[in-house]
Amino acid sequence: NEVLKEFASRELSRRHLLPFIQRCHPGYMAGWVHHELCERLEAFAADVIANKSPRLMVMMPPRLGKSLIASQYFPAWFLGRFPDKEIISCSYALSLQLSFSKKVRSLLSSEAFSAVFPQAQLSEDMQSAEGWRTTANGGFKPAGRGGPINGFGCHILVIDDLIKNATEAYSDSTRSSAWEWYTSTARTRL
């Protein structure tokens with residue numbers, strides 16, 4: 001029965017990240033690493049909700065889908081499940097995070113998302129790519145390394161590519177500046 005299949009698909013997508021990704025991104029081909037990453041992000045989300053103050057570091061070679069899963073689909077899925085929670089997402093440049101912000105916001109506006117998470121809605125009065133809210137007062141704030149996030153708190157702090165390239169990685173001043181921003185500003189938002 002098609003109605004039962006749809007109900008099962010929605011419930012599976014609510015509970016698990018990978019089925020949510022596959023529902024929103026038809027044709028998505030997941031390998032073992034994507035299954036593993038989704039399972040670890042699900043466990044991380046459960047620890048956040050349990051107030052365990054978890055940390056998760058994901059290190060993968062470029063172009064394997066880390067950002068697609070961890071910086072785009074995971075925040076949407078998490079906010080679908082917990083629309084009253086807040087996420088700050090950071091990288092080496094605000095422009096990269098604005099792109100992620102728009103993609104996550106677009107996911108929340110999609111029919112595929114609404115079918116799975118009908119209670120999670122975007123607030124009509126705050127939908128800017130520079131930061132947006134849900135009707136449950138959760139939200140998403142993008143930031144670049146060193147950029148301002150004072151005045152914002154979060155339940156999850158996503159840091160995706162805080163160092164841009166090898167030149168920055170080998171620069172003592174860039175590493176020092178990134179660490180100072182993380183310890184004095186970013187980490188204090190949690």
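1. Lining of the largest pocket, by class. In this predicted model, the lining has 27 nonpolar residues, alongside seven polar and eight charged ones. In total, 42 residues line the largest pocket. Those that lie nearest its centre are Leu56, Val58, Val158, Ile159 and Asp160.

2. Elements around the pocket. Four elements give two or more residues each to this lining: helix H3 (32–49), helix H4 (66–81), strand S5 (156–159) and helix H8 (172–186). H4 gives the most, with seven residues. The space in the largest pocket comes to about 1,500 Å³.

3. The sheet. Strands of a sheet pair through backbone hydrogen bonds, and the pairing can be parallel or antiparallel. Here five strands make an open sheet with mixed pairing. Their order is S2-S3-S4-S1-S5. From one strand to the next, the twist averages 15°.

4. The edges. Which strands stand at the edges of the sheet? They are strand S2 (122–128) and S5. Each has a single partner strand, so one side of each is left without a neighbour in the sheet. S5 is also one of the elements that line the largest pocket.

5. The S1–S4 pair. Strand S1 (residues 86–91) and strand S4 (residues 139–144) run parallel. Six bridges join them. To find a matching pair of positions, look at serine 89, which stands opposite proline 142 in S4.

6. Helix H4 on the sheet. H4 lies across S1, strand S3 (131–134), S4 and S5. Its angle to S5 is about 170°. H4 thus appears twice in this note: across these strands, and in the lining of the largest pocket.

Technical notes
Residues numbered from 1 in each chain as written. Predicted model: local features only at pLDDT ≥ 70, side-chain atom pairs only at ≥ 80, totals over all residues. Heavy atoms only, no water. 1 Å grid on protein atoms, 1.4 Å probe; cavity = no way out; pocket = protein on both sides within 12 Å on 5 of 7 lines; lining within 4 Å. Points joined across faces, edges and corners; volume = space filled by probe spheres on them. Nonpolar A, V, L, I, M, F, W, Y, C, P; charged D, E, K, R; others polar. Pairing = 2+ DSSP bridges. Axes fitted to C-alpha atoms, helices over the stretch in contact; angles between N-to-C directions. Contact = heavy atoms within 4.5 Å.
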